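Here are my notes on the model you passed along. I've kept them as numbered points so you can follow them with the structure open.

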Amino acid sequence: MMTAQHITSPSLRLSIAPMMDRTDRHFRYLVRLISKHVQLYTEMVTANALVRGRDPARLLAHDPLEHPVALQLGGSDPLLMAQAAVMGAAAGYDEINLNIGCPSDRVTTGRFGVCLMAEPNLVGDCIKAIQDALSRQSRLVPVTVKTRIGIDHHDSDAFLDDFVGHVSAAGCKTFIIHARKAWLTGLSPKENREIPPLRYERAYKLKRDFPQLTIVLNGGVKKLSDVADHLRYVDGVMIGRAAYETPFAMLSNADAQVFGQPRQIDIEANVASKYLDYLEHETPVGTRLSLMTRHAVGFFAGRPGSRAWRQALAQSSTAPSPHVAIQGLRTVIAKMNPSGTQIVGESLAA
Ligand SMILES: Cc1cc2nc3c(=O)[nH]c(=O)nc-3n(C[C@H](O)[C@H](O)[C@H](O)COP(=O)(O)O)c2cc1C
């Protein structure tokens, strides 16, 4: 039976990858100022921290503007995962995503992340437990899995098909595939994002083998113009590092190019100003300025004025007050955009 848990969000055509210390609520807000449609993901939150931790509200906090936004969970205890997922759905998240892709030692010791590719039945138990718990609460939120194409020497097509076959039989209908395998020992998480080669054809083949599933490709996508090529073979593309490093350059055309929306280009300076408005709003409630300015370092990358912007960001930590720091940043923006243009409004068909 097709339930809401199986319905694919159109936003999955393009998504921003979950990244620890990167995709916190501030960066997600910044991305949403640039694209209204890309699907956002939180950093990974462990089920244990949510259910047993001291401050679940802080871990779940997000701005209404962020939707559609998915909560990524780490863990492998089905009951704990189910409790955490219910908390996430109650907090308003639009998707619950399981991290079966992280290779860090800490995560492997805790028996979650990519090592779970070797335990498809346990992952299936988690999916079932989560979906049952959500259904009991009438919260029909899709449950998805983010994984890789293999681990260690288990990297055959058959291994991946077996994993996806088991987990999809348990009820998961959307798989995000970081198209490289992970080595569980010997490589740091960073090396595991660079050294194992990217094998996009494995994600394409997965879609051919499981046409009924939603398959999202991830890994090494550096240009928005590459997204359309991948979309010929898979249902969606997820971008991580490139979107973090140069968010405006990567995403300003996403709504028009990927989602077929009328072009509405908000110029960089205008988007940056809106982010500064957000900073003005957040600092009085106690959010440290540097937690938010750090995400804007690459905002004007490759554009005249980007050096002055980066310098002003660096200096903002020594300003007498957050307000003074933000005013300094506004001055840099005003120099880049002397006419004070608000929107280069275009309503061109995409
Ligand atoms: C700093 C950093 C933190 C990451 N944290 C997570 C995480 O919390 N959960 C996860 O599933 N993947 C995490 N990843 C992996 C990314 O989601 C993504 O799979 C990977 O970076 C490959 O995509 P990219 O080449 O587009 O960056 C992280 C990556 C980076 C660079």
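**Notes on the model**

1. S138 counts as exposed, because just 8 C-beta neighbours fall inside 10 Å and the cut-off for exposed is 12 or fewer. You'll find S138 in the loop between α6 and β5 (143–148). Have a look at its backbone too: phi is positive, about 55°, although S138 is not a glycine.

2. Before going further, keep in mind that this is a predicted model. The chain averages a pLDDT of 92, and 93% of the residues score at least 70. The stretch to watch is residues 342–350, where pLDDT stays under 50. For that stretch the model has 19 contacts beyond four places in sequence. I wouldn't lean on those, since predicted coordinates should not be read in detail where pLDDT is low.

3. R111 is another residue other than glycine with a positive phi, in this case near 60°. R111 sits in the loop between α5 (105–109) and α6 (120–136). Is R111 buried, exposed or partly exposed? It is partly exposed, because 13 other C-beta atoms lie within 10 Å, and that count falls between the 12 or fewer of an exposed residue and the 20 or more of a buried one.

4. One peptide bond deserves a look: H67 and P68 are joined in cis, with omega about 0°. P68 belongs to the loop between α3 (56–60) and β3 (69–74).

5. Now the overall layout. The chain is divided into domain 1 (4–255) and domain 2 (268–336). Taken over C-alpha atoms, the centres of domain 1 and domain 2 are 30 Å apart. Domain 1 puts 11 residues into the contact and domain 2 puts in 13.

6. Which elements give two or more residues to the side of domain 1 that touches domain 2? They are α1 (25–34) and α11 (247–251). The largest share, six residues, comes from α1. By residue type, this side of domain 1 has eight nonpolar, two polar and one charged.

7. It's worth zooming in on α1 and helix α13 (residues 268–282). Two packed helices are described by the angle between their axes and the distance between the axes. Here the angle is about 145° and the axes of α1 and α13 are 10 Å apart. The crossing of α1 and α13 is right-handed. On the α1 side the contact is made by Y29, L30, L33 and I34, and on the α13 side by V271, K274, Y275 and Y278. Seven residues of this contact are nonpolar, none is polar and one is charged.

8. Next, E95, which is part of strand β4 (residues 95–100). E95 counts as buried because it has 24 C-beta neighbours inside 10 Å, and 20 or more is the cut-off. Setting aside neighbours within four places in sequence, E95 is in contact with S9, A70, V141, P142 and T144. From E95 to A256 is 161 residues in sequence and 24 Å in space, C-alpha to C-alpha.

9. Last, D77, in the loop between β3 and α4 (78–90). D77 comes out as partly exposed, with 18 other C-beta atoms within 10 Å. Along the chain D77 and A256 are 179 residues apart, and their C-alpha atoms are separated by 41 Å.

Note on methods. Residues numbered from 1 in each chain as written. Predicted model: local features only at pLDDT ≥ 70, side-chain atom pairs only at ≥ 80, totals over all residues. Domains from an automatic or database assignment. Contact = placed C-beta atoms within 7 Å. Helix = DSSP H or I, 4+ residues; strand = E, 2+ residues; numbered from the N terminus. Nonpolar A, V, L, I, M, F, W, Y, C, P; charged D, E, K, R; others polar. Axes fitted to C-alpha atoms, helices over the stretch in contact; angles between N-to-C directions. Left-handed = near helix turned anticlockwise from the far one by under 90°. pLDDT = per-residue confidence, 0-100.
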